[in-house]
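Work through these exercises with the sequence and the model open side by side. Try each task before you read its solution.

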Amino acid sequence: MLLGQLSAAASPLSQEQVQKLQGLVAELNPIQQAWVSGYLAANANTAALAGTVGPAGAVEAAPLTILYGSQTGNAKAVASQLKSQAESRGLSVKLVNMADYKTSALKKEKFLTIAVSTYGEGEPPEDAEALHAFLASKKAPKLDGVKVAVIGLGDTSYEFFCQTAKDFEQRLTKLGADVIYQRADLDVDYEEQATQWIVGALDVFEPDLKAQQQSQTNVVSMPLSASVAQSQYTKQNPFAAELSVVQKITGRESSKDVRHIELSLDGSDITYAPGDSLGVYFLNDEVLVDQVLAALEISPDTLVTVGNDTLSVRDALIEKLELTQSYPGFVEKYAQATNNAKLLTLVADKAQLRVYIEARQIFDVILQNPANIEAQTLVDCCRKLQARLYSIASSQAEVEDEVHLTVGLVEFDTFDETHFGGCSGYLANRAEEGARVKVFSEHNDNFRLPASDETPIIMVGPGTGIAPFRAFLQERDVREASGDNWLFFGNPNFTQDFLYQLEIQGYVKSGLLNQVDLAFSRDQAQKIYVQDRLREKGEAVFAWLEKGAHFYVCGDANRMAKDVHQALIDIVKAHGGKDDEQAEQYLKELRSQNRYQKDVY
């Protein structure tokens, strides 16, 4: 029998259970439906023995609900780990992306955990925006007696560290919820502390969860967490991919240096979809590492320990530790370790410390403040090197065992020297073709092509924000998708900065790209940006949205994405006859339907 044809009369399920099952089936694609059918068939005998049906009207035990809001996938990974650990203890668990969570379910919760990241200036990730706003609204229900624990992921490089996690805990508490385990605010090197927090939180939740589960004889435990094929190569176990192409795709006179990067995934089981990111580990500049060791009078061969690894301090600084991206924690530890009066004064003034690190890499902090310090102490001041995430610029259906990136070289002059970004500098300046680069794929379910190939899409991707849209176009080309495609692209100059110009022109010629609007800001006296082109084509943009188009934005979060959002508000007002509040609601509805998606950084 097909899952979609179930009825209460033809099954041992209650009408309510049938409705729940039909609701689940409606959210699944045919492949997922087949997997669920196979799973249920394979586990039918086990499930039949797992429990007994209790009296009609028995109250169902409340599960531990795990809500996650994730920008790059880290919070989702922590939430999934929490789910797995809870199930291993025999606990009933419900894992839900905040974007998919029905706020009406809040008043029914008894046990709630939140795993959420923070990005930008203390802002929630996109899939957490609606719930974050709802909890602060007058519509939020009283949550007296609900037991809550919150874990936050962030980056101490930013001023509003883990602000979203703090917001959630504060708002839940204000609604009457009881925080039963201390919130964790975790930095980029979060894995070990997250594991410790999960164990501690479950120790607190477990007694109440088990007590109510044991009192409900009608509850059958049937975890739908059967193994799904995943790559053996992860953030913790990256694949050594061969660097095959590093090609500059901006002109000699360009103010930007953008590289097209190609890596071979041959020999790995890594898969990715358009919209995903690639995590890339890099090597720090050996010249600068040697300067640091010389300034601190540390022998390069001195053995140190980083995690479970013992290696030379030189190798540790090159391969294992963060030396480019500054953050307050390093300055604080280094100031205390060296008893540097100037740095200790800065540490006491958070605002001044932010100004100080903004202009400096960690290399600069050390070289400008040399001191007598032990090799292990220096290592202990640093945090582990973190992979940099880049939007993937290829479709695996097109390039098969390759993955392509569009990388803008971070380059700036300060203290009479040219500085480069950690990963972009490595890829553009130091890594030679043929080098092995450690990588892993990071799935992004919040930035996906429409399920239907007939759905039109509008893509706004200035600068290196073009990357995922190159993947989108390749995918739609391979699939011979019939949906219309509209690209907005911008950069400073047409002759120097038209990234992937020949490919885009080829897609226009073939008919895959129905419309392209370009904004080269410095080719005329008055600067023109993608948001200006959007307003110029506002009537057509609104017409596309009204006929079901999905709208995508990729690129700078602080300015471009906000300017594009405002342009959309203006378009909806002008061509949809709405006021400010109605226009915002229109865009919120697009987001809730996954028709307005952002990949911003």
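**Exercise 1. Locate phenylalanine 415, describe its backbone and classify its exposure.**

Step 1. Phenylalanine 415 sits in the loop between β13 (411–414) and β14 (417–420). Helices (H or I, at least four residues) and strands (E, at least two) are DSSP runs, numbered from the N terminus.

Step 2. This is a predicted model: local features need pLDDT of at least 70, side-chain atom pairs count only at pLDDT 80 or more, and totals for chains, interfaces and linings use all residues. Residues are numbered from 1 along each chain as its sequence is written, and side-chain values use heavy atoms, with hydrogens and water left out.

Step 3. Most residues other than glycine have a negative phi. Phenylalanine 415 is not a glycine, yet its phi is positive, at about 55°.

Step 4. Its relative accessibility is 36%, so phenylalanine 415 counts as partly exposed. Buried means under 20% relative accessible area, exposed over 50%, and partly exposed in between (1.4 Å probe, protein chains only).

**Exercise 2. Do the same for cysteine 162, then examine threonine 164.**

Step 1. Cysteine 162 belongs to the loop between β4 and α6. Its phi is near 55°, a positive value in a residue other than glycine.

Step 2. Is cysteine 162 buried or exposed? Its relative accessibility is 1%, so cysteine 162 counts as buried.

Step 3. Threonine 164 lies in helix α6 (residues 163–174). With 0% relative accessibility, threonine 164 is buried.

Step 4. List the contacts of threonine 164, where contact means heavy atoms within 4.5 Å. Leaving out residues up to four places away in sequence, threonine 164 touches Val116, Ser117, Thr118, Gly122, Glu123, Pro124, Pro125 and His132.

**Exercise 3. Lay out the open sheet of five strands and the helices across it.**

Step 1. Write the strand order: β2-β1-β3-β4-β5, with parallel pairing. Two strands pair if DSSP finds at least two bridges between them.

Step 2. Mark the edges. These are β2 (93–97) and β5 (178–186), each pairing on one side only.

Step 3. Add the twist. On average, neighbouring strands of this sheet are turned by 15° against each other, direction ignored. Axes are lines fitted to C-alpha atoms, for helices over the stretch in contact, and angles run from 0 to 180 degrees between N-to-C directions.

Step 4. Zoom in on one pair. Strand β4 (residues 147–153) runs parallel to β5, and six bridges join them. Leucine 153 stands opposite leucine 186 in β5.

Step 5. Place the helices. Helix α4 (residues 74–88) lies across β1 (64–69), β2, β3 (111–117) and β4, at about 165° to β1. Helix α7 (residues 191–214) lies across β1, β3, β4 and β5, at about 165° to β5.

**Exercise 4. Describe how α21 packs against α22.**

Step 1. Two packed helices are described by the angle between their axes and the distance between the axes.

Step 2. For helix α21 (residues 538–546) and helix α22 (residues 560–576), the angle is about 85° and the axes are 9 Å apart. That makes α21 roughly perpendicular to α22. Angles under 35 degrees count as roughly parallel, over 145 as roughly antiparallel, 65 to 115 as roughly perpendicular and the rest as oblique.

Step 3. Name the residues that meet. Gly538, Glu539, Val541, Phe542 and Leu545 in α21 meet Leu568, Ile571, Val572, His575 and Gly576 in α22.

**Exercise 5. Count the disulfides, then check cysteine 382.**

Step 1. Apply the cut-off: a disulfide is a pair of cysteine sulfur atoms within 2.5 Å. The count comes to zero disulfides.

Step 2. Cysteine 382 is in no disulfide; its nearest cysteine sulfur, that of cysteine 381, is 6.5 Å away.

Step 3. Check burial. Cysteine 382 is buried, at a relative accessible area of 10%. Cysteine 554 is also buried, at 0% relative accessibility.

**Exercise 6. Examine alanine 467 and helix α16.**

Step 1. Alanine 467 lies in helix α17 (residues 467–478). Its relative accessible area is 1%, so alanine 467 is buried.

Step 2. Not counting residues up to four places away in sequence, alanine 467 touches Ser391, Ile392, Ala393 and Thr406.

Step 3. Turn to helix α16 (residues 422–430). Seven of the nine residues in α16 are buried: Gly422, Cys423, Ser424, Gly425, Tyr426, Leu427 and Ala428.

Methods: Contact = heavy atoms within 4.5 Å.
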